[in-house]
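Hi everyone, thanks for coming. I'd like to walk you through one model today, starting in the middle of a sheet and working outwards.

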Amino acid sequence: MPKPQNPAKTGQPGHSFDNSAAAIGQEIIKKLFSMQAKFPEVATLNDYYQALAYVVRDRMLHRFIHSAQTYFEKESRTVLYLSAEYLIGPQLGKNLISLGIYDPAAEAVEALGLSLDTLMFQEEEPGLGNGGLGRLAACYMDSLATLQIPAIGYGIRYEFGIFDQAIKDGWQEAITDKWLRFGNPWEICHAETRFEVKFGGHTEAFKDTSGRYCTRWIPENLVLGVPYDTPILGYGVNNANFLRLWQAQACESFDFQAFNVGNYYKAVEEKMVSENITKVLYPNDQAEAGRRLRLQQQYFFVSCSLQDMIRLFFQRETDLARLPDKFVAQLNDTHPALAVAELMRILVDDYFMDWESAWNITTRVFAYTNHTLLPEALETWPVPIMRRLLPRHLEIIFEINRRFLDDVVRPRNLLPDVVSRLSLIAETGEKQVRMANLACVGSFAVNGVAALHTDLLKQTVLKDFYDLWPEKFKSITNGVTPRRFMVLANPGQTRLVCEAIGERWIRDLDCLQDLEPFADDAAFRRRWAAIRKDGKNRLAEMIAKTTGITVDPASMFDIQVKRIHEYKRQHLNVLHILTRYLRIKAGRAGDDPPRTFIFGGKAAPGYRLALLIIRLIHAVAELVNKDPDVKDRLKVVFYPDFNVKNAQFIYPAADLSEQISTAGKEASGTGNMKFSLNGALTIGTLDGANVEIREAVGPENFFLFGLTAAEVLKSRQSGYRPMDVYQNNTELREVMDMIAGGLLVPSDPGLFQPLVNTLLYRDEFMVLADYAPYVRCQETVDQAFKTPDHWHRMSILNVARMGAFSSDRSISEYCRRIWHARPVDVRL
């Protein structure tokens, strides 16, 4: 494993850590005694994992303390990243790599009669996110530390994260994610740094001693926010930032008076109600109680984070006018948008600042990242719910809106419908607070996450704000960290690349371009092919162990793993699989190479059609995998519980990466980048970051199909009729009739009718429109895969030309174009 060239040794004040295998082994045994209270003969695998984690944490904390002290002394400008999600993944392997002790740790564990892979597998994954949003936040925290940018990530310490996924009779089952059941060795609780968070009640107007009009919030409930910190190491530097996650606790967790009179439920009621706030990631918000809880979650972590920001500010400063010089806060989507109103409340109500001064500070602190083009995904909150939970914030939002409309909008003589769209309050039907509008008005910068996404933002969902403030809008394409998704996930490819071009690429991914000449080296291509075969063998073993399905690593591994959603079009992939199946059965498949189709991803428990897509995949898998006519040519697998840990086996094994979302619907995507960096070729539409990936790797190394975003819009406007497409395409009709006819699940022949009807009569995501181009493009893929040596050349070129898609590049752009943050060197 590559070892970072750190500028200073890792050590404690007065002495250095001994990072030899022998020393690490001795420390593991000591930690078994001191932290797990076990001796080796009775210690479990989890005990050994925990012991090794504490050995690693000691070294991490040394860097963390030195970094915090350096930032404090230098009064460094600090980035605050506010995100409701962080999918940080297992920490042990990543931290070993960042410390440069992966190999000695593996040797130490082996000397104890164990394997490092086995211990890493013991680690529970913190499921603190739903998908790309949370994984992006984790990549950005990694890059902020690696680029030596002082930063704090703020979020929520969900007791139960995103559900674990099991499959029963082809249906998704959501199982409670008990990621904290064995404890978390990476976090440090700072119970002494806690903040009160208010909910409910009412407001009162009064005048202070100088006669100034003021407002006082009299809350109905108080909750405490307690921080848990996880150090985040940089690679090749001594810097360590931290992720601060807030847990809700009751101000008084036990009512003795209620207990003494026999009211045992009331004795602990406050504790239960308070702790519910951080109990679970994204409660089901279809019922009003769920919506209230989700709003409580968002305000809770925003309030704690901003109170913490003010506390840190006053450690060295006295004048709040300098707050924007010390901190910049990035709103990762609309979940933290209440921060705009909360900072105004703190400045105006707690520090008695006049409105204009407070607004000047607030609008220089926040920047906003938009992550969606789906209008229904732009958060809104019913005014009655906000009035009940956050009465003071509703008043502040009303006042922000009044001033915005009076001072900014109306002087421009805009049309009434434009004014209505710009307003922070939606007036049609039940009044709603528009969180994206609040974020746009309260931020000094707004950015999209891919070039196409930003262009579409300007033309669609945020067009009116772009017309108002074009200078605010920026485009910063997402990126991924190569430390986790190449170095850790794909050690074989990493070693080969390092042997060819050195190790600089791990911190400067643009250096991968030096790999390009090796694409024409036949010996290098053979070694590349061998490494890819090893990756496929590993995944094949995992598939057999997890699903019981035997797959052939020599077949093409065609993989689509991501959240299950109609716009991501897993069902388009299924239509193609059934087309291949019927061609084989009819003897029309020719000499197409064998394929293994691998799916993975979770569906929101309340999203009926997404759940039905998972059931459809399993029905097709059961049909195909049991049919002797196709057994050597076609396999279908659904890999359950797709998460960061499983992704590290999947990405290096892919031959073909399915990035087939409807053009104009995916903001960016980062799975497309992870696959390409691991050597997979992409079949995809011109959607999200696919556009830029295709430009980078070359059109000849990318399998393109489908309507463009402009063509999708034009087709819709001209009266797109999916039924016409169905009737005019014989193969499509055959496949759709097969699904609708009950052949896949004879015991429930109408099972998939809702999905069929959606496609035939609505087809919002243009599945049928793109079917024929997709099938033709897959035929081109077949032809390319028949020449393995050329395929591997394309694979090498994909990796060599992906340097721009590092999260380090993304963060560098944020620092230069939005945050104006500079690196701070930490010396031990």
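Let's begin with strand S12, where Ala240, Phe242, Arg244, Trp246, Ala248 and Ala250 point one way and Asn241, Leu243, Leu245, Gln247 and Gln249 the other way, and all of them are buried. Buried here means under 20% relative accessible area, exposed means over 50%, and partly exposed is in between, with a 1.4 Å probe and protein chains only. S12 covers residues 240–250, and because 11 of its 11 residues are buried, the strand is largely enclosed by the rest of the structure. Helices (H or I, at least four residues) and strands (E, at least two) are DSSP runs, numbered from the N terminus.

A word on the ground rules. This is a predicted model, in which local features need pLDDT of at least 70 and side-chain atom pairs count only at pLDDT 80 or more, while totals for chains, interfaces and linings use all residues. Residues are numbered from 1 along each chain as its sequence is written, and side-chain values use heavy atoms, with hydrogens and water left out.

As for confidence, pLDDT is the predictor's confidence in each residue, from 0 to 100. The chain averages 95, and 97% of the residues score at least 70. Over residues 7–15, though, pLDDT stays under 50, and the model has 21 contacts for them beyond four places in sequence; contact means heavy atoms within 4.5 Å. Where pLDDT is low, the predicted coordinates should not be read in detail.

Back to S12: which strands pair with it? Two strands pair if DSSP finds at least two bridges between them. Strand S4 (residues 151–156) pairs with S12 in the parallel sense over 5 bridges, and Gly155 stands opposite Leu245. Strand S11 (residues 221–233) runs antiparallel to S12, joined by 11 bridges, with Ile232 opposite Asn241. The hairpin of S11 and S12 has 6 residues between the strands, and there Gly236 takes a positive phi near 75 degrees.

Ile232 also takes us to a helix, as one of the residues touched by Asp142. Asp142 sits in helix H6 (residues 132–146) and counts as buried because its relative accessible area is 3%. Beyond four places in sequence, the contacts of Asp142 are Lys94, Ile232, Leu233, Thr481 and Arg483.

There is another sheet to show you, an open one of 3 strands in the order S15-S17-S16, with antiparallel pairing. Its edge strands are S15 (380–382) and S16 (425–426), each pairing on one side only. S15 and S17 (residues 432–434) share 3 bridges, and Thr380 has Arg434 as its bridge partner.

Finally, the cavities. On a 1 Å grid over the protein atoms alone, a cavity is a set of points where a 1.4 Å probe fits but cannot get out, and lining residues have an atom within 4 Å of a point. Grid points are joined across faces, edges and corners, and a volume is the space filled by probe spheres set on the points. The count comes to 8 cavities of 30 Å³ or more, and the largest has a volume of about 150 Å³. Of the 19 residues that line this largest cavity, Glu124, Trp179, Gly183, Asn184 and Trp186 are the closest to its centre. Helix H2 (residues 45–74) gives the largest share of that lining, 3 residues.

Notes. 1 Å grid on protein atoms, 1.4 Å probe; cavity = no way out; pocket = protein on both sides within 12 Å on 5 of 7 lines; lining within 4 Å.
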